Amino acid sequence: MTKAAVDSRRDLRERAFQALMSLEYDGDVLAAVRFAYLHDKDIDEEKNVELPIFLLNLVNGIQGTKSDLDDKIASKLKAGWTIERLTLVEKNILRLGLYEILEFDETPQIVAVNEAIELSKTFSDEKSSKFVNGILSQFVTEE
């Protein structure tokens, strides 16, 4: 398998999600990213491996703006719902998708939404993927 295939943006988004989930339980951002990136690769973890900048930017950016992202997500929830009611999986997928919509000009917004939907299908269920689509689609501004 080539490095390009291993380090596809889809794969890096999944690894960013995994790092974000581990950070819910405390920890160091760099250590979480490093573990998420290397855990299933045949690479000695002691070796100095350059982490993909896309992955680092996602996790650092989300961690740095988590409160703002949560406020924006909460503003799109139906009456009676709060951000605290969401599962950790949904919250982190929504944060990742919204951060990419708002901060990554090189990623078309609809691609960010679709990638978040795919993450929710992988790590949750069909109902969750529809919920993620409904929330994130409200932030799409490009045609």
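Phe-54 and Phe-104 are both buried in this predicted model. Let us start with these two rings and then work outwards to the rest of the chain.

**The aromatic cluster**

How are the rings of Phe-54 and Phe-104 placed relative to each other? Their centres are 5.4 Å apart and their planes meet at 75°, so the pair is edge-to-face. This pair brings together distant parts of the chain, since its two members are 50 residues apart. Phe-54 belongs to helix H4, which covers residues 53-74. Phe-104, on the other hand, sits in the loop that joins helix H5 (88-103) to helix H6 (109-123).

Phe-104 has another ring partner, Tyr-99. Here the centres are 5.8 Å apart and the planes are at 70°, so this pair is edge-to-face as well. Tyr-99 is buried, just as Phe-104 is. Through these ring pairs, Phe-54, Tyr-99 and Phe-104 are linked into a cluster. The structure as a whole holds three aromatic pairs.

**The chain as a whole**

Now step back and look at the overall fold. Which kinds of element does the chain have? There are seven helices and zero strands. Reading along the sequence, you therefore meet the pattern α-α-α-α-α-α-α.

How does the radius of gyration of the chain fit with that of a compact globule? For 143 residues, a compact globule would have a radius near 15 Å, and the chain has 15 Å, so the two agree. Along its principal axes, the C-alpha trace spans about 50 × 35 × 25 Å.

Of the 143 residues, 45% count as buried. The accessible surface of the chain comes to about 8000 Å², and carbon and sulfur atoms account for 50% of that area. If you take the contacts between residues at least 6 apart in sequence, 65% of them join residues at least 24 apart. Charges can be followed too: the chain carries 18 positive and 27 negative ones, and the mean positions of the two groups are 5 Å apart.

**A few residues to find**

Try locating these residues in the structure. The table gives the place of each one and its relative accessible area.

| Residue | Where | Relative accessible area |
|---|---|---|
| Asp-26 | loop between H2 and H3 | 65%, exposed |
| Lys-78 | loop between H4 and H5 | 69%, exposed |
| Glu-50 | loop between H3 and H4 | 71%, exposed |
| Ser-120 | helix H6 | 0%, buried |

Asp-26 is worth a second look for its backbone. Most residues other than glycine have a negative phi. Asp-26 is not glycine, and its phi is positive, near 85°. The loop that holds Asp-26 runs between helix H2 (9-23) and helix H3 (29-38).

Why does Lys-78 count as exposed? The cut-off for exposed is over 50% relative accessible area, and Lys-78 has 69%. Although Lys-78 and Ile-135 are 57 residues apart in sequence, their C-alpha atoms are 9.7 Å apart in space.

Glu-50 offers another pair of distances to check. Glu-50 and Val-29 are 21 residues apart along the chain, and 15 Å separates their C-alpha atoms.

Is Ser-120 buried or exposed? Ser-120 is buried, because buried means under 20% and its relative accessible area is 0%. Which residues does Ser-120 touch, leaving aside those up to four places away in sequence? Its contacts are Ile-93, Asp-125, Ser-128, Ser-129 and Val-132. For one of these, Val-132, you can compare sequence with space: Ser-120 and Val-132 are 12 residues apart in sequence, while their C-alpha atoms are 7.4 Å apart.

Technical notes:
Residues are numbered from 1 along each chain as its sequence is written. This is a predicted model: local features need pLDDT of at least 70, side-chain atom pairs count only at pLDDT 80 or more; totals for chains, interfaces and linings use all residues. Side-chain values use heavy atoms; hydrogens and water are left out. Helices (H or I, at least four residues) and strands (E, at least two) are DSSP runs, numbered from the N terminus. The radius of gyration is taken over C-alpha atoms; the globule rule is 2.2 Å times the number of residues to the power 0.38. Buried means under 20% relative accessible area, exposed over 50%, partly exposed in between (1.4 Å probe, protein chains only). Contact means heavy atoms within 4.5 Å. Accessible areas come from the Shrake-Rupley method with a 1.4 Å probe; for residues, only the protein chains shown count as cover. Lys and Arg count as positive and Asp and Glu as negative; His and the chain ends are not counted. The place of a charge is taken as NZ of Lys, CZ of Arg, CG of Asp or CD of Glu. Rings of Phe, Tyr and Trp (its six-membered ring) pair if their centres lie within 6.5 Å; planes under 30 degrees apart count as stacked, over 60 as edge-to-face and the rest as tilted.
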